[in-house]
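Here is a small set of exercises to work through with the model open in your viewer. Try each task before you read its solution.

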Amino acid sequence: MRAVSALVATGVNAQGYREVRGLQVGDSASERTWQEFFTWLKGRGLTGVDLVVSDHHGGLVKAVQWS
């Protein structure tokens, strides 16, 4: 057995409904893994991010600062 991380991005559409914008499984929740996830989301056309909610996980916090 090995540990994996589920990376999930949700958003609110123009009608005010929440949607899953992306989901990936990664080897860890490292900064590099989050950066790759954000790059993938941007490549799919994600723009206009106003808020990122986190449990203050170090990898996510650093990746948000990078993005």
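## Getting oriented

Read along the sequence, the protein chain goes β-β-α-α. Keep in mind that this is a predicted model.

**Exercise 1.** Work out how many helices and strands the chain has, and what box its C-alpha atoms fill.

*Solution.* Start with the count: the secondary structure comes to 2 helices and 2 strands. Next, look along the principal axes, where the C-alpha atoms of the chain fill a box of roughly 40 × 25 × 25 Å. Then turn to burial: of the 67 residues, 24% count as buried. Finally, take the contacts with a separation of 6 or more; residues 24 or more positions apart account for 39% of them.

**Exercise 2.** Decide whether E1 and E2 run parallel or antiparallel, and find the partners of Val8 and Ala9.

*Solution.* First, the direction: E1 and E2 run antiparallel, with 8 bridges joining them. Second, the partners: Val8 is bridged to Leu23 in E2, and Ala9 stands opposite Gly22. Third, the connection: the two strands form a hairpin with 5 residues between them. In that turn, Gly16 has a positive phi of about 90 degrees.

**Exercise 3.** Sort the side chains of E1 by the face they point to.

*Solution.* Begin with the rule: in a regular strand the side chains alternate between the two faces of the sheet. Now apply it to E1: Ser5, Leu7, Ala9 and Gly11 point to one face and are buried. Ala6, Val8, Thr10 and Val12 point to the other face and are not buried.

**Exercise 4.** Compare two loop residues, Tyr17 and Ser30: how does each one count by accessibility, and why?

*Solution.* Take Tyr17, in the loop between E1 and E2. Tyr17 counts as exposed because its relative accessibility is 58%, and the cut-off for exposed is over 50%. Leaving aside neighbours within four places in sequence, Tyr17 is in contact with Gly11 and Val12. From Tyr17 to Glu31 there are 14 residues in sequence and 29 Å in space, C-alpha to C-alpha.

Now Ser30, in the loop between E2 and H1. Ser30 has 25% relative accessibility, so it counts as partly exposed. Its C-alpha lies 8.9 Å from that of His57, although the two are 27 residues apart along the chain.

**Exercise 5.** Check the span of H1 against the expected value, then list its buried residues.

*Solution.* H1 has 13 residues and reaches 18 Å from its first C-alpha to its last, close to the 18 Å expected at 1.5 Å a residue. Its buried residues are Thr33, Trp34, Gln35, Phe37, Phe38 and Leu41. For the spacing, recall that residues three or four places apart in an α-helix point the same way, because there are 3.6 residues a turn. The cover over the buried residues of H1 includes E1, E2 and H2. Just after H1, Gly45 takes a positive phi of about 105 degrees.

**Exercise 6.** Describe the largest pocket: what is its volume, and which elements help to line it?

*Solution.* The volume is about 820 Å³. Of the 25 lining residues, Ala9, Thr10, Val49, Leu51 and Val52 are the closest to the centre. Next, the elements: E1, E2, H1 and H2 each supply at least two residues of the lining. Last, sort the lining by class, and you get 14 nonpolar, 6 polar and 5 charged residues.

Definitions and conventions
Residues numbered from 1 in each chain as written. Predicted model: local features only at pLDDT ≥ 70, side-chain atom pairs only at ≥ 80, totals over all residues. Heavy atoms only, no water. 1 Å grid on protein atoms, 1.4 Å probe; cavity = no way out; pocket = protein on both sides within 12 Å on 5 of 7 lines; lining within 4 Å. Points joined across faces, edges and corners; volume = space filled by probe spheres on them. Helix = DSSP H or I, 4+ residues; strand = E, 2+ residues; numbered from the N terminus. Nonpolar A, V, L, I, M, F, W, Y, C, P; charged D, E, K, R; others polar. Pairing = 2+ DSSP bridges. Expected span 1.5 Å × (residues − 1). Buried < 20%, exposed > 50% of the residue type's maximum accessible area, 1.4 Å probe, protein only. Contact = heavy atoms within 4.5 Å.
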